[in-house]
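This report deals with salt bridges in a single protein chain. The sequence and the model are shown below.

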Amino acid sequence: MKHTYNISFLLLMCALMLHACRKDEKAVPPTVTPVAPGITGQVKGFYLLNEANMGSNKSTLDYFDYETGIYHKNIFPTVNPGVVKELGDVGNDIEIYGSKLYAVINVSHLVEVMDLTTARHIATISIPNCRYITFDKGYAYVSSYAGPVLIDPNARLGYVARVDTTTLTVKDTCVVGYQPEEMVIRDNKLYVANSGGYRVPKYDNTVSVVDLNSFKETKKITVGINLHRMEKDHYGNIYVTSRGDYKNTRSNTYIINAADEVSDVLDLPASNMTLSGDSIYMYSTEWSYVTNSNTISYAIVNTKTKSIVTRNFITDGTDKKIKIPYGLAINPETKEIYVTDAKNYVTPGRLYCFTPDGKYKWDVATGDIPAHFVFTTRKVTGL
């Protein structure tokens with residue numbers, strides 16, 4: 001099965017029909033599962049945002065508590081019984097800033113703002129076709145496709161919305177490339193990966209550079225087609241992934257140096273990545289129209305040497321249990337590795353925990369399409 005980001009008219013119509021069938025269904029009740037011995041430490045737990053299929057309105061929020069070792073599945077409805085449509089349609093990103101938890105809900109065109117320690121609803125911020133979020137100096141920056149969820153060769157340029165995190169209102173927007181995705185901030189500049197995914201086969205191939213003082217795009221860096229993920233290392237480099245065209249051009253990983261130039265091409269496919277110290281962990285789920293199957297890898301890149309350390313960080317063979325890797329995170333304190341499995345994209349997924357040396361520890365059922373992690377150092381209560 002192709003990646004869920006490769007949207008087509010057929011998928012959209014099927015999703016709309018699925019939504020019509022689900023409108024009278026009740027929310028899935030929360031479940032509580034002990035999965036590991038409780039431990040104490042600076043990191044108290046993590047939230048996991050489940051995307052769920054487009055049109056199903058089934059995005060859910062899970063929480064793992066390190067002190068109890070308990071996994072709480074689908075906490076949002078219980079904590080927020082008055083929010084009628086719950087989290088909404090397609091959870092695309094989740095981050096923490098200050099005392100608030102921000103979940104980007106793509107097809108519902110909003111950012112859900114919650115209290116960090118209770119997951120209780122505070123506000124929603126309306127941003128059309130929003131994708132990812134990052135923060136700097138009291139502002140949230142949210143990438144937006146700016147138009148409807150629709151394949152369109154004439155789709156408009158996207159933008160980044162600047163949100164005041166005190167008033168939770170959009171203060172300004174900056175036009176960037178087509179269908180912008182992840183972002184990083186370096187030297188008071190916002191770097192935005194542009195995909196052009198709606199304009200297939202005319203993908204975008206640029207990273208927009210936005211000056212945060214003027215909040216204007218100052219340049220575009222030509223990188224590779226259909227850009228997606230971004231990570232900034234500790235040496236002034238920005239790693240950017242390209243999804244390719246799913247046919248003739250393969251996924252790849254590029255490095256932008258401090259001079260805003262593409263300095264390296266790693267010849268390494270990547271669907272998702274996360275930084276831990278001097279290592280970038282990444283997995284790739286690359287679909288082949290020739291074999292009608294996915295080629296899956298789990299790599300580590302040493303950011304100091306820009307070299308590939310391994311192409312399989314799961315070292316005991318248990319990677320064979322994972323059908324479609326979809327989410328990835330490293331505990332910043334224990335260095336445990338977390339990988340989620342989207343399975344068939346329409347049924348509950350699974351979360352796998354591995355030791356720092358890549359050996360299986362435990363697994364647990366999640367919501368549909370488990371995707372985005374954020375760790376918290378504040379104790380979460382009331383679940």
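A residue is called buried when its relative accessible area is under 20%, exposed when over 50%, and partly exposed in between. By this cut-off E181, at 0% relative accessibility, is buried. The model is predicted.

E181 pairs with R131 in a salt bridge whose closest N and O atoms are 2.9 Å apart. R131 counts as buried too, because its relative accessibility is 2%. The two residues are 50 positions apart in the chain: R131 belongs to strand 9 (residues 130-136) and E181 to strand 13 (residues 180-186).

In total, the structure holds 16 salt bridges. Three of the pairs are listed here.

| Pair | N to O distance |
|---|---|
| K58 and D368 | 2.7 Å |
| R131 and E181 | 2.9 Å |
| D260 and K189 | 3.3 Å |

The bridge between K58 and D368 joins parts of the chain that are 310 residues apart. K58 sits in the loop between strand 2 (45-50) and strand 3 (60-65), while D368 is in strand 28 (residues 360-368). K58 is partly exposed at 23% relative accessible area, whereas D368 is buried at 8%.

D260 and K189 form a further salt bridge, and the separation along the chain is 71 residues. D260 lies in the loop between strand 19 (252-256) and strand 20 (262-265); K189 lies in strand 14 (residues 189-194). Their accessibilities fall in separate classes: D260 is buried at 8%, and K189 is partly exposed at 21%. Both residues also take part in a network of salt bridges that links them with R186 and K219.

Key. Residues numbered from 1 in each chain as written. Predicted model: local features only at pLDDT ≥ 70, side-chain atom pairs only at ≥ 80, totals over all residues. Heavy atoms only, no water. Salt bridge = Lys/Arg side-chain N within 4 Å of Asp/Glu carboxyl O. Helix = DSSP H or I, 4+ residues; strand = E, 2+ residues; numbered from the N terminus. Buried < 20%, exposed > 50% of the residue type's maximum accessible area, 1.4 Å probe, protein only.
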